[in-house]
Amino acid sequence: LHSNGTKEQLNENVKQAIEATLSEWTQSGFRCLGMFYKVMTKVEMKAFVKEAIWTNAVQQMAWICLCAIEDPLRLEVAESVRTCQNAGIIVRMVTGDHLETAKYIARQCGILSRKGYIRIRIHKMKKKKKKNLNHICLTGEQLRNLTDKEQREMLPHLRVLARSKPSDKEMLVNWYKTQNNDVVAVTGDGVNDALAMHKADVGLAMGIQGTDIAKKVSDIVILDDNFASIVTMVMWGRSVFDNIRKFIQFQLTVNFAALMLSLIAAFFKKFANPLTAVQLFWMDLMMDTMAALALATEPPTKALLKRNPYTRDAFLISPILWRFILGHMAYQVMTIYLFKYMYTCFFFFCHPIC
């Protein structure tokens, strides 16, 4: 359909020009929409909607134009993605847009930092095989056609999935949780994202543009719909986890030392308990309130975003933490008994034990 209202047959030259323009616009990050029309009666419209024979209907419609829509990124998105990557978090884009459009946006925000290939390349060396770690971009159809072996090779390097369905998002979440043993967080705003957010370890829903279903199945609601808020959430989450560890470390060290003093005094009459019941009560009262509260309320810092996250099977009290607790407990018990029974030796007085 021309601008003056006249019609002509859509020939191959016009089709190639439209496809070239479509490819150019999608590679520049635009979302393209094709507009066409057909005059129908009410009976024909009901039959069209009921049968939904889209291929035949499009072939009988008149092409009008090709439109492009630009959705600019927020200024803080690229920096937030870079901060997440420095914190050991892999950011992946799963969208229903065209592959080239998704790749362009992913490059702009730093998700696709290496060149994206449709298939991973394997360079054969003389003695060993060396895999190219370039980021991978796939469509939903290509993802569904992957074998188990190809999934193990390609999905760890996947950064962009375009033309995806809700089932593709759910499949990715299940694969990364079960096969790759990752902690998966999913952000979304619509009904199509609800199933993936429900399956993920952490579901993040948009507070402004998000639907009620997405908010109900999610674990956290981002009130300002800003990716930078996810960085703040990660920083606070790591701070709370570290503060809990500091609190437990401090409490167990002090309580184990006091318990060991009481046990030694109970089994060995030679060594009396250096702390009375009132002193033990006062020590527990102060340690459980002032000192422990100061450790538990320590504010987060940017340094928390410069290390990798803990794994799924990480213990709250790690082996290193147990070694620290038991070592300090032994040091405190020995120090107390040394100063109680051998203080004269330290101050140059004669004592039978010396």
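Me: Before we get going, what makes a contact a salt bridge here?

Reply: You need a side-chain nitrogen of Lys or Arg within 4 Å of a carboxyl oxygen of Asp or Glu. Keep in mind that this is a predicted model.

Me: OK, so what makes Asp242 and Arg307 a salt bridge?

Reply: Their closest N and O atoms are 3.0 Å apart, and the cut-off is 4 Å, so the pair qualifies. Asp242 sits in helix α11 and Arg307 in the loop between α12 and α13, so the contact ties together parts that are 65 residues apart in sequence.

Me: Why is Asp242 called buried?

Reply: Buried means under 20% relative accessible area. Asp242 comes in at 14%, so the label fits. Arg307 has 23%, so Arg307 counts as partly exposed.

Me: How do you know that Lys246 and Glu298 form a salt bridge?

Reply: The closest N and O atoms are 2.7 Å apart, within the 4 Å limit. This pair also links helix α11, home of Lys246, to the loop between α12 and α13, where Glu298 lies, 52 residues away.

Me: Why is Phe267 called exposed?

Reply: Exposed takes over 50% relative accessible area; Phe267 has 65%, so Phe267 passes. Phe267 is in helix α11 and helps make a nonpolar surface patch of about 510 Å² with Leu259, Met260, Leu263 and Phe268.

Me: How do you know that the length of helix α1 agrees with what a helix should span?

Reply: At 1.5 Å a residue, its 16 residues should span 22 Å, and the end C-alpha atoms are 22 Å apart, so the two agree.

Technical notes:
Residues numbered from 1 in each chain as written. Predicted model: local features only at pLDDT ≥ 70, side-chain atom pairs only at ≥ 80, totals over all residues. Heavy atoms only, no water. Patch = residues over 30% accessible without salt bridge, like charges linked within 9 Å, V, L, I, M, F, W, Y side chains within 5 Å. Areas by Shrake-Rupley, 256 points an atom, 1.4 Å probe, with all protein chains shown as cover. Helix = DSSP H or I, 4+ residues; strand = E, 2+ residues; numbered from the N terminus. Buried < 20%, exposed > 50% of the residue type's maximum accessible area, 1.4 Å probe, protein only. Expected span 1.5 Å × (residues − 1).
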